[in-house]
Amino acid sequence: MTDRSGSVPLYSIAVAAELTELPAATLRLYEEKGLVTPARTEGGTRRYSDDDIAAIRQVAVLQGDGINLAGVGRVLELQAENADLRRRLDG
């Protein structure tokens, strides 16, 4: 078994939709709103990583909790800022 980073783009939009149990249109909307940014092949095909799948699931949970997409975006920004600050304090 090989070790791989969670950021390696592996999955097509159809597979990502199946893994997250969301319609492909929802994944496109999340991308349009800047909530997830899948890699693109040279031909422009989306490729989702395990990290992207986790982010999509997090967005879906927050949305399910009643937070609109703009609010979800802000929550994600604050979480990233918090993680950065923690890294600075620990390092």
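Let me begin just past helix H2, where we come to Gly-34, a residue whose phi is positive, near 80 degrees; please keep in mind throughout that what we are looking at is a predicted model.

Stepping back into H2 itself, which runs over 24-32, we find that Leu-27, Tyr-30 and Glu-31 are buried. If you look down the axis of H2, these buried residues fall within an arc of 100 degrees, so they line one face of the helix. And what covers that buried set? The cover includes H1, strand S1 (39-40), S2, H3 and H4.

Two of the residues I have just named, Leu-27 and Tyr-30, return in the largest nonpolar core, which has 17 residues, and they are listed there with Leu-35, Tyr-48, Ile-56 and Val-59 as those with the most contacts inside it. The elements that give two or more residues to this core are H1 (13-20), H2, H3 (50-64) and H4 (69-90), and of these H3 gives the most, with four residues. Val-59 is a good residue to click on, for if we leave aside its neighbours within four places in sequence, Val-59 is in contact with Tyr-30, Leu-35, Leu-69, Val-72 and Leu-76.

Finally, let us turn to Ser-49, which is found in the loop between strand S2 (46-47) and H3. Is Ser-49 buried or exposed? Its relative accessible area is 3%, and because buried means under 20%, Ser-49 counts as buried. Its side chain reaches the backbone nitrogen of Asp-51 at 3.3 Å, and, leaving aside neighbours within four places in sequence, Ser-49 is in contact with Gly-6, Ser-7, Val-8, Pro-9, Leu-10 and Tyr-11.

Conventions
Residues numbered from 1 in each chain as written. Predicted model: local features only at pLDDT ≥ 70, side-chain atom pairs only at ≥ 80, totals over all residues. Heavy atoms only, no water. Core = buried A, V, L, I, M, F, W, Y, C linked by side-chain atoms within 4.5 Å. Buried < 20%, exposed > 50% of the residue type's maximum accessible area, 1.4 Å probe, protein only. Contact = heavy atoms within 4.5 Å. Polar contact = N/O pair within 3.5 Å; in protein donor to acceptor, adjacent residues only side chain to side chain. Arc of directions from axis to C-beta.
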